[in-house]
Amino acid sequence: MKKIFICSIALALGGMLVLFGNARADDYSAGQTLFKKNCQFCHNLKGDDNYPSAYYRQFRPKDFSDPDSWKGLDGQKIEQVIKKGKGVMPAINLKPEDTKAIIDYMTHVLKN
Ligand code: HEC
């Protein structure tokens with residue numbers, strides 16, 4: 001009887017982990033899609049089939065999957081660059097929640 005009890009607790013915990021894990025992945029997948037659509041054709045990531053695109057070769061925008069690209073960069077700075085542009089990068093007009101989703105994806109998935 002005790003074994004069954006322990007088993008069902010383990011199953012319940014496992015199920016919660018799976019659910020929680022999926023919820024987290026979903027949080028960032030929206031940001032990933034937005035990043036692909038709005039940023040990735042310039043900011044190629046390693047392993048991207050288009051890498052290095054002609055644009056990348058000309059302007060060398062940062063590859064955010066490279067840890068070196070994160071020196072001195074945080075969510076706030078990224079937001080500024082998206083809103084105002086920087087150098088040859090134009091300002092990008094996004095809804096505030098889309099900007100946030102992109103930054104969450106970048107700081108949680110790309111940065112690590
Ligand atoms: C048209 C091409 C292009 C697009 C689209 C683009 N970028 Fe850029 N980005 C650049 C270039 C080029 C630079 C380098 C600018 C410079 O320093 O002169 C840059 C710089 C940056 C920087 C500054 C890095 C640093 O440390 O100073 C950030 C952050 C950034 N981009 C984020 C984004 C995000 C997020 C998106 C999508 C919302 C995006 N970029 C879309 C071309 C682009």
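Me: Before we turn to the shell around the ligand, note that Ala, Val, Leu, Ile, Met, Phe, Trp, Tyr, Cys and Pro count here as nonpolar, Asp, Glu, Lys and Arg as charged, and the others, Gly among them, as polar. How do the residues of the shell around the ligand divide into nonpolar, polar and charged?

Reply: This is a predicted model, and in it 18 residues surround the ligand, the closest being Cys-39, Cys-42, Pro-61, Gly-87 and Met-89. Sorted by the classes just given, the residues of this shell divide into 13 nonpolar, three polar and two charged.

Me: Which helix gives the most to the shell around the ligand?

Reply: The candidates are four helices, as the chain has zero strands, and from the N terminus on the elements run α-α-α-α. With three residues in the shell, the one that gives the most is helix H3, residues 75–84.

Me: Which helix supplies the largest share of the largest nonpolar core?

Reply: That core has nine residues, namely Leu-34, Phe-35, Cys-39, Phe-64, Ala-101, Ile-102, Tyr-105, Met-106 and Leu-110. Helix H1 (2–38) and helix H4 (96–110) each supply at least two residues of this core. The largest share, five residues, comes from H4.

Me: Apart from its neighbours within four places in sequence, with which residues is Ala-101 in contact?

Reply: Ala-101 belongs to the largest nonpolar core and is one of the buried residues of H4. When neighbours within four places in sequence are left aside, the residues in contact with Ala-101 are Ala-30, Gly-31 and Leu-34.

Me: Why can the buried residues of H4 be said to line one face of the helix?

Reply: The buried residues of H4 are Thr-99, Ala-101, Ile-102, Tyr-105, Met-106 and Leu-110. Seen down the axis of H4, these buried residues line one face of the helix because they fall within an arc of 160°.

Me: Which exposed residues does H4 carry on the face turned away from its buried side?

Reply: H4 has 15 residues and reaches 20 Å from its first C-alpha to its last, close to the 21 Å expected at 1.5 Å a residue. On the face of this helix that is turned away from the buried side, the exposed residues are Pro-96 and Glu-97.

Me: Is Arg-60, whose phi is near 55°, buried or exposed?

Reply: Arg-60 is found in the loop between helix H2 (54–59) and H3, and its phi is a positive value in a residue other than glycine. A residue counts as exposed if 12 or fewer other C-beta atoms lie within 10 Å of its own. Arg-60 has 10 such atoms, and therefore Arg-60 is exposed.

Me: How far apart in space, C-alpha to C-alpha, are Lys-100 and Ile-78?

Reply: Lys-100 has its place in helix H4 and is partly exposed, with 16 other C-beta atoms within 10 Å. Lys-100 and Ile-78 are 22 residues apart in sequence, and their C-alpha to C-alpha distance in space is 9.9 Å.

Me: How far apart in space, C-alpha to C-alpha, are Trp-70 and Lys-111?

Reply: Trp-70 is found in the loop between H2 and H3, where it is partly exposed, with 15 other C-beta atoms within 10 Å. Although Trp-70 and Lys-111 are 41 residues apart in sequence, their C-alpha to C-alpha distance in space is 7.1 Å.

Me: What share of the contacts in the chain between residues at least 6 apart in sequence joins residues at least 24 apart?

Reply: One pair that is separated in sequence is Leu-73 and Thr-107, which are 34 residues apart in sequence and 9.7 Å apart in space, C-alpha to C-alpha. Leu-73 itself lies in the loop between H2 and H3. For contacts between residues at least 6 apart in sequence, the share that joins residues at least 24 apart is 52%.

Notes. Residues numbered from 1 in each chain as written. Predicted model: local features only at pLDDT ≥ 70, side-chain atom pairs only at ≥ 80, totals over all residues. Contact = placed C-beta atoms within 7 Å. Near = placed C-beta within 6 Å. Core = buried A, V, L, I, M, F, W, Y, C linked by C-beta atoms within 7 Å. Buried ≥ 20, exposed ≤ 12 C-beta atoms within 10 Å, placed from the backbone. Expected span 1.5 Å × (residues − 1). Arc of directions from axis to C-beta.
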